[in-house]
Amino acid sequence: MAASGKLSTSRLPPLPTIREIIKLFRLQATKQLSQNFLLDLRLTDKIVRKAGNLANAYVYEVGPGPGGITRSILNADVAELLVVEKDTRFIPGLQMLSEAAPGKLRIVHGDVLTFKVEKAFSESLQRPWEDDPPNVHIIGNLPFSVSTPLIIKWLENISCRDGPFVYGRTQMTLTFQKEVAERLAANTGSKQRSRLSVMAQYLCNVRHIFTIPGRAFVPKPEVDVGVVHFTPLIQPRIEQPFKLVEKVVQNVFQFRRKYCHRGLGMLFPEAQRLENTGRLLELADIDPTLRPRQLSISHFKSLCDVYRKMCDEDPQLFAYNFREELRQRKSKKKERG
């Protein structure tokens, strides 16, 4: 991983403060979009330093808002910064930054959940997966409502080596609610261990690098904010399709306080549930009385490998959804009644 970078001495010319930009363009955080602005440039500088050495790097910033982190990235002497902002109210303030850093800042009005970043930078930046990470970085202070679906989308992109990861093992430095940040980095056995922990850690080296108190944001959220750094692994710790891993992990953690056999049983139709759950646990060599948070990535690897073999034996198994079976049973009861 790149060493922590130093902010460049070639800084932006004097500009209105972020607070002044907010007043100038009459910007207000929208509650429906769970927006919170980070105004303290010492903190935005710290986020950028923790992303690594950005000198001459190509950076994709998600959700720049009024441009606090954007300024810190531009001050890090990047080759190019691409920002994608959904809210048109922020575009004029970002254009002011673009004028202050000619040729450095590209602004796209769009949605990060659908934007195709794989076409945004030159193919010459692409590196083989086995090499060091490319000179492409993703940085963002994500709205809380977007952060979890977006990281799941990007984890699937890592698994498929597409999207932002066509360039190689692109590093990401992102903000989350502190509780989500703790889950992403939680070790086996910890109370925060969750579906997100396993999905992130089987594909990435995940570090919760620091916490920003909620009072640093405007408006102040009810929670503190965690900054998390992700570096995709050369070799995923589970070598199965993302959707298969996701299905196994989701089923295990839906009964997080129960023994793991309870959730694993939901992978199988009721008629064969006991037999197949027993077979899965036996072949994967897993103690059925372990709780979900006690299962390591190695445990999940064994479970996914065995479940894959069972799906290969029974092609209809992967499509099975226990909720759908439950729904059909209820509708049959209503018909009889």
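Reader: Glad to have this chain in front of us! Why is G63 called partly exposed?

Author: In this predicted model, G63 has a relative accessible area of 25%. Buried would need a value under 20%, and exposed one over 50%. The 25% of G63 falls in between, so the residue counts as partly exposed.

Reader: Where does G63 sit, and what does G63 touch?

Author: G63 belongs to the loop that runs between β2 (58–62) and α3 (68–74). Once residues up to four places away in sequence are set aside, G63 touches V84, E85, V112 and N141.

Reader: Which residues does UniProt list for "binding site"?

Author: The UniProt record, an unreviewed entry, gives N36, L38, G63, E85, D111 and N141 under that name.

Reader: Let's take L38, then. What makes L38 count as buried?

Author: The relative accessibility of L38 is 5%. The cut-off for buried is under 20%, so L38 qualifies. This residue is part of strand β1 (residues 37–38). Beyond its neighbours within four places in sequence, L38 has contacts with L43, T44, I47, G68, N141, I212, A216 and F217.

Reader: And N157, buried or exposed?

Author: Buried: N157 has 11% relative accessibility, and anything under 20% is given that word. N157 is a residue of helix α5. Apart from neighbours within four places in sequence, its contacts are D162, G163, P164 and F165.

Reader: Staying with that helix, why are α5 and α8 called oblique to each other?

Author: Helix α5 (residues 144–160) packs on helix α8 (residues 242–253) at about 135°, and their axes are 10 Å apart. Roughly antiparallel would call for an angle over 145 degrees, and roughly perpendicular for one from 65 to 115. An angle of about 135° meets neither condition, so the pair is oblique. From α5 the contact draws on I152, L155, E156 and S159, and from α8 on F242, K243 and E246. By kind, the residues of this contact are three nonpolar, one polar and three charged.

Reader: How do you know that the reach of α11 is close to the expected one?

Author: Helix α11 (residues 297–313) holds 17 residues, and its first and last C-alpha are 24 Å apart. The expected span takes 1.5 Å times one less than the number of residues, which comes to 24 Å here, so the reach is close to the expected one.

Reader: Which residues of α11 are buried, and what covers them?

Author: They are I297, F300, L303, C304, V306, Y307, M310 and C311. The cover includes α7 (195–201), α8, α9 (260–265) and α10 (273–284).

Reader: What is notable about the phi of D77?

Author: Its phi is positive, at about 65°, although D77 is not a glycine. D77 lies in the loop between α3 and β3 (80–85). At 27% relative accessibility D77 is not under 20% and not over 50%, so the residue counts as partly exposed. N56 is another non-glycine residue with a positive phi, near 65°, and its place is the loop between α2 (41–50) and β2.

Reader: To finish, how many helices and strands does the chain have?

Author: There are 12 helices and nine strands. Of the 337 residues, 49% count as buried. Among contacts with a separation of 6 or more, 71% join residues 24 or more positions apart.

Key
Residues are numbered from 1 along each chain as its sequence is written. This is a predicted model: local features need pLDDT of at least 70, side-chain atom pairs count only at pLDDT 80 or more; totals for chains, interfaces and linings use all residues. Side-chain values use heavy atoms; hydrogens and water are left out. UniProt positions are given in the numbering used here, feature names are shortened, and annotations may be inferred rather than shown by experiment. Helices (H or I, at least four residues) and strands (E, at least two) are DSSP runs, numbered from the N terminus. Buried means under 20% relative accessible area, exposed over 50%, partly exposed in between (1.4 Å probe, protein chains only). Contact means heavy atoms within 4.5 Å. Axes are lines fitted to C-alpha atoms, for helices over the stretch in contact, and angles run from 0 to 180 degrees between N-to-C directions. Angles under 35 degrees count as roughly parallel, over 145 as roughly antiparallel, 65 to 115 as roughly perpendicular and the rest as oblique. Ala, Val, Leu, Ile, Met, Phe, Trp, Tyr, Cys and Pro count as nonpolar, Asp, Glu, Lys and Arg as charged, and the others, Gly among them, as polar.
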